[in-house]
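Subject: Structure handover

Hello,

Here is the structure for your records. My notes on it follow below.

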Amino acid sequence: MKTRINALLTSPKRDIPVQVAGWVRTRRDSKGGFSFIELNDGSCLANLQIIAPATLANYEKDVLNLHPGASIRVEGLLVASSGSGQSIEVKADQLTVYGFSDPLAYPLGKQKINFDRLRELPHLRARTNTFGAIARVRDVLSYELHRFFHERGFFYVHTPIITSNDCEGAGAMFQVTTLDPHKPPRHADGKVDYAQDFFGAKTSLTVSGQLEGETYACAMGDIYTFGPTFRAENSNTRRHLSEFWMVEPEMAFADLNDDALLAEAFLRHLFQAVLAQCGADLQFFDQRVLPGVVARLERLATAPFGRVTYTEAIRLLEAAPVTFEFPVKWGMDLQSEHERYLAEEVFKGPVVVTDYPAEIKAFYMRRNPDGKTVAAMDVLLPEVGEIIGGSQREERLEVLEGVLRDAGLNPAEYGHYLDLRRYGSVPHAGFGLGFERLVQFCTGMHNIRDVIPYPRAPGCMRV
Ligand code: 4AD
Ligand code: MG
């Protein structure tokens, strides 16, 4: 049985036989009659040094043909290392090669390779230090988000991927159809007849699991959903993906303040968890990707979050001694530059902006008594900007029907959603956290396309 390298590195045991398996990072031959192999198995950032003596029966045939990328299994003795740079090493008694790697062809040889080029190699980039570290941070964050909600009594609900409703009402959805794109069935007026499509209706990939999440919250109290969401907006920025993962909690008998408190506790838990569990990987990001990223996480893991209304935020931005690319005016949607200014310069940390103008927010948000704003909130982080968007939901049937009509939406199509308001309606609230933006923030990676294994963005589909 193989032992994983991270387990060996954290175990005090020495002078015991072990088996390890992984991919060769480098090989160096010494004159003293052995080779040094740096082996990585993905379990941690660190490589394990293997000493392969020339006395191995397959030394000339196999060991001397090992190059970066080759896969091997080693059986040998785990010993304290006398060399500098590592605490332990394995003296090989047997070395088995699973697959060689051609050094002239393998794209991840010794030469430095930038993130742009690596984006063209999504099937191989997990073998680099950076992308292995990102994958481990992603793993810890997803495990910990389940832990956070379970410890608070939230149920994990699986909401659908294929849907016939547009939660955000922005219309930027990917259509799902089995109709022949060249000659779809049409009504007399020329419009496509979706009654003949696979589901008997026009369907798309979901932009959010919220609407279905709400139905479960209004039965089970507190729930969350975590899954992929899809947006067909043509946003070629370092913060947008066409396919991204979203965590969406929803609480019955809760208002906007409860929502903001949950968001704050949630982010803090996640920051503390990565700090506690991803030490070596975070140090790597700090040294190689974004100096200061660890200190930033440490600061935010305990910092109280700022709170400000949209109206007050606009006033702060108008008074700011900087010129923004997009001029500031009440009623506008905050741009990334404004969000960052608020988080980085004004609050110097996370800030929850609440009560946005109804005009720029989704139909389901609860109308405030002022008639102009809604009980919405965005959580803004330094560098990343918006990481969470949420709201208290409109639970009053007549108000919601009116809003739908005003937005040109047909209340009849929202029958199931309106039913929640017809039968035992309750105040409820929730939010959505963009999982990749969270990973970006924790790792300091500049481009969101580098924190998801297979990025989907406009014009970008490598594998
Ligand atoms: O603010 P959004 O659009 O909110 C919703 O979808 C609500 N239905 C959530 C809810 O209340 N249950 O999206 C939520 C978060 C954003 O704050 C952002 O972090 C992330 O999802 N996000 C994206 N991340 C990557 N690429 C994109 N194109 C994103 N669009 C939104
Ligand atoms: Mg938003």
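The model is predicted. I start with the ligand site and then go on to the local backbone and packing.

Ligand site

An oxygen atom of ligand 1 is found 3.5 Å from a polar backbone atom of I388. Of the accessible area that ligand 1 has on its own, 620 Å², the protein covers 94%. Three elements give two or more residues each to the shell around ligand 1: β11 (243–252), β15 (385–392) and β16 (428–434). The largest contribution comes from β15, with five residues.

In total, 25 residues surround ligand 1, and the closest are E168, Q210, R231, E248 and E386. Sorted by class, this shell holds nine nonpolar, eight polar and eight charged residues.

Two contacts involve nitrogen on the ligand side. A polar side-chain atom of E248 is 2.7 Å from a nitrogen atom of ligand 1. At L241 the partner is a polar backbone atom, with a nitrogen atom of ligand 1 at 2.9 Å.

A three-stranded sheet

The strands β7, β9 and β8 form an open sheet in the order β7-β9-β8, and the pairing is antiparallel. Its edge strands are β7 (162–163) and β8 (175–176), each of which pairs on one side only. Between β8 and β9 (residues 203–205) the antiparallel pairing runs over two bridges. Within this part of the sheet, Q175 stands opposite S204 of β9.

Helix α10

Helix α10 covers residues 397–406, and its buried residues are L397, L400, E401, G402, V403 and L404. Several of these positions are three or four places apart, as with L397, L400, E401 and L404. An α-helix has 3.6 residues a turn, so residues three or four places apart point the same way. The cover over the buried residues of α10 includes α11 (415–422). Just after α10, G408 has a positive phi of about 75°.

Positive phi outside glycine

Which residues take a positive phi although they are not glycine? Two to check are F253, at about 55°, and D355, at about 60°. F253 sits in the loop between β11 and α5 (256–277). The side of the question that concerns cover is settled for F253: this residue is exposed, with a relative accessible area of 64%. D355 belongs to the loop between β13 (351–354) and β14 (376–381).

Regards

Key
Residues are numbered from 1 along each chain as its sequence is written. Chains are lettered from A and ligands numbered from 1 in the order in which they are written. This is a predicted model: local features need pLDDT of at least 70, side-chain atom pairs count only at pLDDT 80 or more; totals for chains, interfaces and linings use all residues. Side-chain values use heavy atoms; hydrogens and water are left out. A residue is near a molecule or strand if one of its heavy atoms lies within 4 Å of it. A polar contact is a pair of N or O atoms within 3.5 Å; within protein, one must be able to donate a hydrogen and the other to accept it, and residues adjacent in sequence count only if both atoms are side-chain atoms. Accessible areas come from the Shrake-Rupley method with a 1.4 Å probe; for residues, only the protein chains shown count as cover. Ala, Val, Leu, Ile, Met, Phe, Trp, Tyr, Cys and Pro count as nonpolar, Asp, Glu, Lys and Arg as charged, and the others, Gly among them, as polar. Two strands pair if DSSP finds at least two bridges between them. Buried means under 20% relative accessible area, exposed over 50%, partly exposed in between (1.4 Å probe, protein chains only). Contact means heavy atoms within 4.5 Å.
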